[in-house]
There are 2 protein chains.
Amino acid sequence: MTARKQRLDPRKKPVQKRSKITVDVILLAAAQVFESHGYAAGTTNRIASRAGVSIGTLYQYFPSKEAIAVALLERHLAETDHRLHEWVGHMVVEQHNLYEALHDYVTGMLEMHAKQPRLQHILLEETPLPERVHQALIEAEQHAAKTVAGLIRLYPEVRSNGLEHTCFVIVQTVESLTHRYAAHPDDQFIPQAIFVDEVVKMIIAYLKCDSSSL
Amino acid sequence: MTARKQRLDPRKKPVQKRSKITVDVILLAAAQVFESHGYAAGTTNRIASRAGVSIGTLYQYFPSKEAIAVALLERHLAETDHRLHEWVGHMVVEQHNLYEALHDYVTGMLEMHAKQPRLQHILLEETPLPERVHQALIEAEQHAAKTVAGLIRLYPEVRSNGLEHTCFVIVQTVESLTHRYAAHPDDQFIPQAIFVDEVVKMIIAYLKCDSSSL
DNA sequence: TGAAATTATGAGCAAATACTTAATTTATGT
DNA sequence: ACATAAATTAAGTATTTGCTCATAATTTCA
């Protein structure tokens with residue numbers, strides 16, 4: 001439970017096929033254990049046991065419990081980034097209008113967050129993460145904001161003044177709302193289709209609005 | 001560390017002035033300790049020590065560590081609710097236009113979340129809370145949505161169709177965005193005034209927009 | 001005053017927990 | 001086949017944690 005955190009690198013990196021599988025199995029088990037027990041109660045022994053691997057093996061490839069959580073999160077970050085670029089690719093190829101483009105974006109983010117909502121929540125909020133991971137998260141978000149801005153800028157109906165701030169708010173909004181919606185899928189009284197539509201409507205209105213509208 | 005959770009009620013409720021002070025001191029200390037150590041590392045012994053009270057005394061008035069966190073959170077919930085009703089009072093008395101009203105609302109929520117952002121984050125996200133607390137949180141949010149809807153409805157420039165869903169999205173948006181903004185006050189590259197203004201602008205645009213705007 | 005009720009004490013327990021290490025098994029390449 | 005490197009094992013350590021309980025101090029009120 002204590003933060004010893006002496007070792008920062010794993011003792012071994014997997015070189016044989018066997019151990020690469022072991023690492024994968026451990027991460028898979030960790031995801032399941034964290035998902036069903038939370039971070040604090042997701043003990044390393046339980047993870048090892050679930051992976052069908054001895055606790056010693058686990059500590060060969062992960063220097064600490066924290067390292068496991070970080071590895072899991074990095075995976076998720078990479079996937080989100082991949083998803084975003086996939087979206088950009090689609091937008092460039094197919095000629096979508098603004099509504100369709102934003103609809104795709106919001107839907108994609110919602111699906112992203114809906115995948116393992118509890119695990120993501122645990123990793124992002126319940127787990128005390130090292131500073132560098134927080135930095136990485138912030139940078140990823142800023143990168144996303146720029147990417148979105150680059151695409152949105154192309155649509156003529158979008159007002160151009162203050163687009164910097166506007167896109168920041170939009171990315172934050174989509175991120176927050178989809179995260180929130182996906183995190184509590186049960187106690188929502190709005191169906192997903194309507195929810196996505198409303199969010200898109202709000203963003204479009206925001207993008208078009210005259211800034212002199214007191 | 002373990003979740004024993006046998007006892008659900010405190011052994012004693014404070015009846016003398018002395019013990020009432022003790023309870024307050026414990027809660028104050030708990031807030032400080034959680035804020036600086038997080039939930040897991042915010043041990044009951046540390047809380048008692050910080051409060052200048054023996055660990056036994058702490059357990060006279062709080063049956064478990066969890067109970068302390070819940071008490072702290074209930075305090076915060078009550079304050080939020082108070083704040084909301086105060087806002088409604090102001091709106092009814094003074095005749096604000098839509099922009100002013102929403103500006104007050106967003107600012108109020110932001111101040112609310114900015115008060116002890118780290119503590120709130122720890123209590124809301126890092127702490128494993130019992131189900132009934134989650135229920136209370138959801139109910140509080142729905143209550144807030146209805147209150148906001150009741151006020152917004154009065155403004156003639158607001159479109160009337162689908163206001164149910166619209167207000168749900170608005171409350172979620174304000175809640176999420178202010179929470180997020182307040183949680184990471186350092187790494188924001190948008191000043192607070194501009195942030196609030198942008199959010200209000202978005203909401204107003206959303207409230208006015210024609211729903212047939214593909 | 002003095003006895004009953006309330007409040008405070010803190011050493012210590014039982015139950016974890018993250019992690020180590022010495023020994024063993026399995027794979028690799030020649 | 002065989003020596004070396006890689007991978008796995010699981011019993012065990014040191015530490016921490018939430019919490020109890022027997023005792024003592026203080027307050028209340030007759």
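**Two DNA strands and a two-domain chain**

Hi everyone, let me start at the DNA: a backbone N or O atom of A:Ser54 sits 2.9 Å from a phosphate oxygen of DNA strand D, which falls under polar contacts, meaning pairs of N or O atoms within 3.5 Å (within protein, one must be able to donate a hydrogen and the other to accept it, and residues adjacent in sequence count only if both atoms are side-chain atoms). The surface near that strand takes two or more residues from each of these elements: helix 1 (17-41) and helix 3 (55-61) of chain A, and helix 2 (44-51) and helix 3 (55-61) of chain B. Helices here are DSSP runs of H or I with at least four residues, strands are runs of E with at least two, and both are numbered from the N terminus.

Before I go on, some housekeeping. This is a predicted model, where local features need pLDDT of at least 70 and side-chain atom pairs count only at pLDDT 80 or more, while totals for chains, interfaces and linings use all residues. Residues are numbered from 1 along each chain as its sequence is written, chains are lettered from A and ligands numbered from 1 in the order in which they are written, and side-chain values use heavy atoms, with hydrogens and water left out.

Back to strand D. Of the 31 residues around DNA strand D, the nearest are A:Ser19, A:Thr22, A:Gln60, B:Arg11 and B:Tyr59; near means a heavy atom within 4 Å. Sugar and phosphate make up 70% of the atoms of DNA strand D that come within 4 Å of the protein. A polar side-chain atom of A:Ser19 is 2.5 Å from a phosphate oxygen of DNA strand D, and for a backbone N or O atom of A:Gln16 the distance to a phosphate oxygen of that strand is 2.6 Å. Which element gives the largest share of this surface? Helix 3 of chain A, with 5 residues.

Now, strand C. There are 32 residues around DNA strand C, and the closest are A:Arg11, B:Lys12, B:Gln16, B:Ser19 and B:Thr22. Here sugar and phosphate account for 69% of the strand's atoms within 4 Å of the protein. From chain A, a side-chain N or O atom of A:Tyr59 is 2.8 Å from a phosphate oxygen of DNA strand C. From chain B, a polar side-chain atom of B:Thr22 lies 2.6 Å from a phosphate oxygen of this strand, and a backbone N or O atom of B:Val15 lies 2.9 Å from one. For DNA strand C, the largest share of the surface, 5 residues, comes from helix 3 of chain B.

Let's move away from the DNA. Chain A is assigned domain 1 (17-63) and domain 2 (69-208), with bounds from an automatic or database domain assignment. Their centres, taken over C-alpha atoms, are 30 Å apart. Even so, 11 residues of domain 1 of chain A are in contact with 12 residues of domain 2 of chain A, where contact means heavy atoms within 4.5 Å.

One last residue: A:His76, in helix 4 (residues 65-93) of chain A. Buried or exposed? A:His76 is buried, because its relative accessible area is 19% and the limit for buried is under 20% (exposed is over 50%, partly exposed in between, with a 1.4 Å probe and protein chains only). Leaving aside neighbours within four places in sequence, A:His76 is in contact with A:Met112 and A:Gln120. Thanks, everyone!
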